[in-house]
Amino acid sequence: MLHGRDAEQARLAGVLRDARAGRAGMVLVHGEPGVGKTTLIDWLAADTADGVCVLRTQGVESEAPLAFAALHRLLRPVLGLLDRLPPPQARAMRTAFGLEFGTDDGGIPQPFLVALATLSMLAEAAENATVLCLVDDAQWLDQATSEALLTAGRRLGADRVAVVFAARDGEGRSFAPDGVPSLALAPLADAAARAVLTDAAGEVAADVADVLMAQTGGNPLALVELPTTLTPEQLRGVTPLPQRPQLTPGMERVFLDRCRRLPAAVQTLLLVAAADDSGQVATVRRAAALLGVPAEALEAAERSGMVVVDADRLRVRHPLVRSAVYQAATSGERRQVHRALADVADPADADRQAWHRAASVDMPDPGVVAALDDAAARAERRAGYAAAAAAYARAAELVDGDRPRAVRLFAAARNAWAAGETRSARVLVTSAQEHAGSMSDVLLGADIDRLRGRIEVNVGSAIDAHRIFSVSARDVAGLDPARALELAVAAALLRSHGADSGTVFDVRELAVAATAGDTVHRRCLGHLLLSLTQAAVADWSAASASLHAALREGTGIDAPDVLAHLGNLALHLGDDEAHRRCFTRMLTGARDAGDVMGVLYALPRLGFTRFTTGRWTDLRRDAEEGMSLSASAGKRPLAAVPLGQLGLLAAVQGRPAAELDALLADLEAAAAQPLGVLADPVHDLGRWARGVRAAHDGAPGTALHHFAAMRVATLHRLAALDRIEAAVRAGDRVQAVAWTEDLAVFAAGTGWAWAAAVVAHARALLAQPADVADLFDSALAHHARTSRADAHPYDRARTELAYGEWLRRSQRRVEARTHLRAALEAFEDLRATPLAARAAQELRASGETARKRDVSTALHLTPMERQVAELVRQGLSNKEIAAQCWVSHRTVAFHLRNVFAKVGVASRGELARLDLS
């Protein structure tokens, strides 16, 4: 019976009640060791009525290096549902569980795809009954399981699923994931503590109870266990209590004292059980027998209450028993036990056997290293990158020689990076570099430097990354031009983003040689590098020609890194259509592969041309999705750019001040995190949004201050009209002219009509009255030359507005109305409220009343509702939409019901006939 946990029981019962009603939820129960976490979730499991499917698993410290081990235990009862999953997800889960084997040519599943398979599996199971997932000792979950469960849980929606984690506070390895509501268990109050003590020990003298309660601090496990160390006379108060209680903060000493009262053979068996992570009675028996433990020792251990045997399964009674027994053993005793467990391990379970072997040695051992290498390779093929990193790192400790150690440390770092373990990857790759450097292995060093630079690009210093890439490219150019080419391209792209370390390396010869290379990939990168070097010296015409050559070579290339390079350079050179095409291809491939990091890379970059080309509804949808995915995947720093884009959108659309303030505050918090090369763009998006708001508020000086602080050259061009207008209105003609002429050079070199239009508009703002009309006409003519794909409707509407305002002030009201009507219509389409209001006011001043246009129902749809509606209109089923949107089909149905209600239709056919653009 539980005492003193009424509020906690009600909270957990509420989570389960919500799940029954189709509102999925997660909760983390946490507290100090012994505070009753396991007891509480045991109560929840026992208290469930019929119609609830209870799935359970537990983190085991010694099992932490085994990828997906705990997830496999959790889902084993429902694995029969695998065939109902979308085929890519089913393959990913089979590979993760070792039922199929991935290959290096694309068969390795993305970890996010395993998480989606977990989501789908839980959703399918919930079709038959409410699903309650209980995960104990979550702090010891293997990372692959932890990420799969958390990602799946965050993307559950209208599903009959509840996930309850239990984790210990104060452990070296913590479990405190973002976005999971927590329930902290405090020590028991006096009345409840007395009740627990009475249940455990019967009648206890009042003064003795007072002492025990003070010693335990209300910890339920301590209240149960501490009386077992006392005699009946001590409990009744007949004889004095010990001067020093058998208690430590974690209760290990209580359990250890009980274990030490047992015969030596039983203590050895308990150590075997503590070191074992298979949970198999037969495994523990056989390993103990190798250490001379008689068979009857297991029964004695069971009678002591330290282990629980259920059929062929064995469980240590409490995690504290496991840690107390294992930590109290000498290192030699632990090695002996692990050696015995390795000897009796099932040969089919080679990973577990390899880890026991690794724990049984303390000096270099080629056989153990080979076994760990194999285990790491298997983990990598199953997308168990954290497990692979751990295996390679342990192998590095057990191998002789700098080069073999460097190779394994690099492999460990590569996998740690893939697993998102940034700090660990940084430490490992630095160590790998030191060992490779001592051997003067330039080629290995180049591969290591590529990873070092990539880490710096993402979470460190982009300038340091530029230096790493440049120096490494220079060092390896004479030995391996292909490696040098990739490193040089990476360095040049960073330079285009303003990250220049000053490292000098003339790459023109390398680039020219690559353009005549024997593979499409190499020729593409050669033209790309040539374009980047030409752009670096503002040779815009040559840079554009080289980019087009790179795009032609890259037509059939789907490699994400090449598409990203091409797309980034296209944005830098103003090619909206090429930028959109590259990142759309990258996004499509990433969605198909379940590559969440690829999606989170492509979405925000695609957002820049979504903004300039007026696809603001798509931008809002993509930014919202990027924020949702980054939270689901536990990659919150990747929400920074989408946040900035939403802030900019809120500013230009004049959304409520509180909304924009909240977005900017969130953006500041995001910008305080390590963002690598994204740091300046994120800050610039905030400056752009603040500048736009200040301009709308009639504070051009403040606006100019924000715009002048922008640092990224590409964003200077995207925000050119905002920046120049602010400078003109603030009276800083010198700055306005300088920015205009800088853009004019770019426009002339690249030939982009949108850029020429902005230049003409800017010159009109600076011109003498006699020249203004011709310049505005020129700007509109340039806008008219743009294709639909690279048109900039917001900039065009601003030109129409500025021209109309000038015409009205020049008393040419009839001519002004044409331009003002065009501006108003465009601003209303874009929901650019501040400028729409200005255009309407100008139109009224010209003698014409502006008509208020109907607002599309689609405006009231959330980004997910809009996405679901669009996919329904394409004829996709709910399950197909779920697979594409990475949610459950019940969640799709929930959003579709909302769409029907908001747009006033009753069927998918009626929805298909609506225009939601």
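**Group meeting: cores, a helix and a loop**

Leaving out neighbours within four places in sequence, Phe-165 contacts Met-26, Val-27, Leu-28, Val-29, Val-135, Ala-138, Leu-149, Leu-150 and Phe-175. Keep in mind that this is a predicted model.

Where does Phe-165 fit in? The largest nonpolar core has 98 residues, and Phe-165 is one of the four that touch the most other members, along with Leu-71, Leu-75 and Met-121. Helix α5 supplies the largest share of this core, 10 residues. A second core lies apart from it, with 68 residues, including Ala-694, Ala-703, Leu-715 and Tyr-794.

Next, helix α19. It runs from residue 385 to 397, which is 13 residues. How far apart should its ends be? At 1.5 Å a residue, counting one less than the number of residues, the expected span is 18 Å; the end C-alpha atoms are 19 Å apart, so the two agree.

Is α19 mostly covered or mostly open? It is mostly covered, with 10 of its 13 residues buried. Among them are Tyr-385, Tyr-392 and Arg-394, and several alanines, including Ala-386 and Ala-396. What do these buried residues pack against? The partners are five helices: α5 (111-125), α6 (143-155), α17 (350-359), α18 (366-381) and α20 (402-418). So α5 comes up again here, having already appeared in the largest core.

Last, a glycine. Gly-751 sits in the loop between α38 (733-750) and α39 (753-766). Its relative accessibility is 44%, and because partly exposed covers values between 20% and 50%, Gly-751 counts as partly exposed. Trp-540 is 211 residues away from Gly-751 in sequence, yet their C-alpha atoms are 9.2 Å apart in space.

Terms used. Residues numbered from 1 in each chain as written. Predicted model: local features only at pLDDT ≥ 70, side-chain atom pairs only at ≥ 80, totals over all residues. Heavy atoms only, no water. Helix = DSSP H or I, 4+ residues; strand = E, 2+ residues; numbered from the N terminus. Buried < 20%, exposed > 50% of the residue type's maximum accessible area, 1.4 Å probe, protein only. Contact = heavy atoms within 4.5 Å. Core = buried A, V, L, I, M, F, W, Y, C linked by side-chain atoms within 4.5 Å.
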